[in-house]
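Let's take a walk through this structure together, beginning in its interior and working outward to the loops. Keep the viewer open as you read.

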Amino acid sequence: QVQLVESGGGLVQAGGSLRLSCAASGSIFSSVTMGWYRQAPRQAPGNQRELVARITRGGSTIYSDSVKGRFTISRDNAKNTVYLQMNSLKPEDTAVYYCNTFAPINAYWGQGTQVTVSS
């Protein structure tokens, strides 16, 4: 059974940085592309869960235009952990952040970690 546990969120001022971690249990982690997703507050337009970054098992990365140049995704296959380094944070980055496989599997969604960026 796979479990994904996100951590590292918090409250930060605009321009600040946070580093998120996603610890995975189970045997699939090192063989699949992993992604970081976020879901904005209900009152914000576009409450769809958005893929912001993904990383292949070999370390190739792709970012959404909204975070490119500011966020960096990485992974440590030996630790079954994927990271998201977030720099130059903006208020519009405020969301709950989740990790999952690139083609997300519903059963793998965890609780997420809240990131709040104040202006």
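A good place to start is the largest nonpolar core, which has 27 residues. A nonpolar core here is a set of buried Ala, Val, Leu, Ile, Met, Phe, Trp, Tyr and Cys residues joined through side-chain atoms within 4.5 Å. Leu4, Trp36, Ile73, Val82, Leu84, Met86 and Tyr97 are the residues with the most contacts inside this core. Two or more residues each come from strands S3 (18-25), S4 (34-39), S5 (50-55), S7 (71-76), S8 (81-86), S9 (95-101) and S10 (113-118). The strand that gives the most is S3, with 4 residues. As background, nonpolar side chains in soluble globular proteins tend to be buried together.

Before going further, please note that this is a predicted model, in which local features need pLDDT of at least 70 and side-chain atom pairs count only at pLDDT 80 or more, while totals for chains, interfaces and linings use all residues. Residues are numbered from 1 along each chain as its sequence is written, and side-chain values use heavy atoms, with hydrogens and water left out.

Some vocabulary will help too. Buried means under 20% relative accessible area, exposed means over 50%, and partly exposed is in between (1.4 Å probe, protein chains only). Helices (H or I, at least four residues) and strands (E, at least two) are DSSP runs numbered from the N terminus.

With those terms in hand, look at the chain as a whole. Its secondary structure comes to 0 helices and 10 strands, giving the pattern β-β-β-β-β-β-β-β-β-β along the sequence. The radius of gyration is 13 Å, close to the 14 Å that the globule rule gives for 119 residues, so the chain is as compact as a globular protein of that length. That radius is taken over C-alpha atoms, and the globule rule is 2.2 Å times the number of residues to the power 0.38. The C-alpha trace spans about 40 × 25 × 20 Å along its principal axes. Of the 119 residues, 39% count as buried. Among contacts (heavy atoms within 4.5 Å) between residues at least 6 apart in sequence, 54% join residues at least 24 apart.

Back in the core, Ile73 shows how such contacts look for one residue. Leaving aside residues up to four places away in sequence, Ile73 touches Met34, Trp36, Ala53, Arg54, Ile55, Thr61, Tyr63, Val82, Tyr83 and Leu84. Tyr83 also has a neighbour over its ring: Arg19 lies over the face, at 4.0 Å from the ring centre. A charge sits over a ring if NZ of Lys or CZ of Arg is within 6 Å of the ring centre and within 35 degrees of the ring normal.

Next, turn to the aromatic rings. Rings of Phe, Tyr and Trp (its six-membered ring) pair if their centres lie within 6.5 Å; planes under 30 degrees apart count as stacked, over 60 as edge-to-face and the rest as tilted. The whole structure holds 2 aromatic pairs. Tyr37 and Trp109 are edge-to-face, 5.2 Å centre to centre with 80 degrees between the planes. This pair links strand S4, home of Tyr37, to the loop between S9 and S10, where Trp109 lies, 72 residues apart. Tyr37 counts as buried at 5% relative accessibility, whereas Trp109 counts as partly exposed at 23%. The rings of Tyr98 and Trp109 have centres 5.7 Å apart and planes at 80 degrees, so this pair is edge-to-face. Ring pairs thus link Tyr37, Tyr98 and Trp109 into a cluster.

Tyr98 deserves a closer look. It is found in strand S9 and is buried, with a relative accessible area of 10%. Among the residues that Tyr98 touches are Glu6, Gly35, Trp36 and Gln39. The C-alpha atoms of Tyr98 and Gly35 are separated by 8.3 Å, although the two are 63 residues apart along the chain. Arg49 lies over the face of Tyr98, at 4.1 Å from the ring centre.What covalent link should you look for beside these contacts? Cys22 and Cys99 form a disulfide, their sulfur atoms 1.8 Å apart; the rule asks for a pair of cysteine sulfur atoms within 2.5 Å. Cys22 lies in strand S3 and Cys99 in strand S9, so the pair ties together parts that are 77 residues apart in sequence. Both cysteines, Cys22 and Cys99, are buried.

Finally, visit two loops. Asn80, in the loop between S7 and S8, has a positive phi of about 50 degrees although it is not a glycine. Ser88, in the loop between S8 and S9, likewise has a positive phi of about 50 degrees without being a glycine.
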